[in-house]
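Q: Please take a close look at one part of this structure: a single loop position, and the surroundings into which it leads. A connected account of how the neighbouring elements are arranged would be most useful.

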Amino acid sequence: MPESVSEQKTLYVVVCAAGPASEVGTLVGLAQDRGWTVQIMATPAAVSFIDVEALGKQTGRPVRSQHRAPGDPRSPKADAIVIAPATFNTINKLANGIADNYVLDVVNEAVGMGIPTIILPFVNSAYANRISFNTSVEKLRIEGIDVLIGPGKFEPHESGFGSNAIEEFPWELALDRTVNFNAEK
Ligand SMILES: Cc1cc2nc3c(=O)[nH]c(=O)nc-3n(C[C@H](O)[C@H](O)[C@H](O)COP(=O)(O)O)c2cc1C
């Protein structure tokens, strides 16, 4: 692990309003163990799913869900981004260049700048069956985004059974994909 915080690379963990959001502290801990400085970005809908105060303490940085007020400190620039859990809604919006909240503003721009981005969806099979969703996943992959859905990755659960799937959500898989982007500065 790098010796001091200043040598560490920054991972943006983008949380959307899906079942596993309340457990995102697990991902934060795993990322910190691998030497990342973590900045949490939450969609406005995700804010009520997470413990903003606890995550602020865990990361040492305020959770961001809105544009900065003048004079507030800037977040460090992202070296990589993990969107987990990623909703049907955010996946479709990102694929189509929609930027109607702070997090989508940041991620749309980051993708355009070539910042490595990994998406770990949490969607049920009804959402996953939609043509619009599959087209979005394809578009994101064409742009070089690693969308972790399919056999051996996140596999959609049956509609109505999301709470059973939360425990098995493969947080570690997303982090494994960041390994090449975490070389020491
Ligand atoms: C309790 C609850 C659980 C939800 N779980 C999911 C989910 O697992 N996956 C998903 O795509 N949307 C889920 N939704 C719907 C999203 O929260 C909704 O589409 C929201 O607009 C997403 O906003 P965001 O993408 O900006 O976070 C859930 C909603 C609620 C209220």
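**A loop glycine and the sheet behind it**

A: G19 counts as partly exposed because 18 C-beta neighbours lie inside 10 Å of its own C-beta position, whereas a buried residue would require 20 or more. The model is predicted, and this description should be read accordingly. G19 belongs to the loop between β1 and α1. Leaving aside neighbours within four places in sequence, its contacts are P85, F122, G162, S163 and I166. A further link across the chain is given by V123: its C-alpha atom is separated from that of G19 by 9.2 Å, although the two residues are 104 residues apart along the chain.

One of the contacts of G19, P85, is found in strand β3. The peptide bond between A84 and P85 is cis, with omega at about -10°. As background to that assignment, most residues other than glycine have a negative phi, and most peptide bonds are trans.

From the loop, the description can be followed into the two elements that flank it. On one side stands β1 (10–15), which is mostly covered, with 5 of its 6 residues buried. β1 runs parallel to β2, to which 6 bridges join it. Within this pairing, V13 has I40 of β2 as its bridge partner. On the other side of the loop stands α1 (residues 24–33), whose buried residues are V24, L27, V28 and A31. These buried residues lie on the same side of α1, because they cover an arc of only 100° around the axis. They pack against β1, β2 (37–42), α2 (52–59), β3 (80–86) and α8 (171–176). Just after the helix, G35 adopts a positive phi of about 95°.

The sheet as a whole is the next level of the picture. It is open and parallel, and its 5 strands follow the order β2-β1-β3-β4-β5. β2 and β5 occupy the edges with a single partner strand each, so one side of each lacks a neighbour in the sheet. β3 and β4 pair in the parallel sense over 4 bridges, with V82 standing opposite I118 of β4. The parallel pairing of β4 with β5 (residues 146–147) has 2 bridges. There, I119 has V147 as its bridge partner, and I118 stands opposite D146.

β4 (residues 117–121) is largely enclosed by the rest of the structure, because 5 of its 5 residues are buried. In a regular strand the side chains alternate between the two faces of the sheet. In β4, T117, I119 and P121 point one way while I118 and L120 point the other way, and all of them are buried.

The strands also contribute to the largest nonpolar core, which has 50 residues; V13, V14, V15, V82, I83, I119 and L120 touch the most other members. β3 provides the largest share of this core, 6 residues. The contacts of I83, residues up to four places away in sequence not being counted, are V14, C16, T90, V107, T117, I119 and L120.

V107, one of these contacts of I83, leads to helix α4 (residues 102–112), where the buried residues are V103, V106 and V107. They are placed on the same side of α4 because the arc they cover around the axis is only 90°. Their cover includes β1, β2, β3, α3 and β4. The face turned away from this buried side carries the exposed residues D105, E109 and G112. After α4 comes G114, with a positive phi near 85°.

C16, also in contact with I83, connects this account to the ligand. The shell around the ligand has 15 residues, of which C16, A17, A18, T43 and T87 come nearest. Helix α3 (residues 88–95) supplies the largest share of that shell, 3 residues. By class, the shell has 9 nonpolar and 6 polar residues, and no charged ones.

Notes. Residues are numbered from 1 along each chain as its sequence is written. This is a predicted model: local features need pLDDT of at least 70, side-chain atom pairs count only at pLDDT 80 or more; totals for chains, interfaces and linings use all residues. A residue is buried if 20 or more other C-beta atoms lie within 10 Å of its own, exposed if 12 or fewer, and partly exposed in between; C-beta atoms are placed from the backbone. The arc is that of the directions from the helix axis to the C-beta atoms. Two residues are in contact if their C-beta atoms, placed from the backbone, lie within 7 Å. A residue is near a molecule or strand if its C-beta atom, placed from the backbone, lies within 6 Å of it. Ala, Val, Leu, Ile, Met, Phe, Trp, Tyr, Cys and Pro count as nonpolar, Asp, Glu, Lys and Arg as charged, and the others, Gly among them, as polar. A nonpolar core is a set of buried Ala, Val, Leu, Ile, Met, Phe, Trp, Tyr and Cys residues joined through C-beta atoms within 7 Å. Two strands pair if DSSP finds at least two bridges between them.
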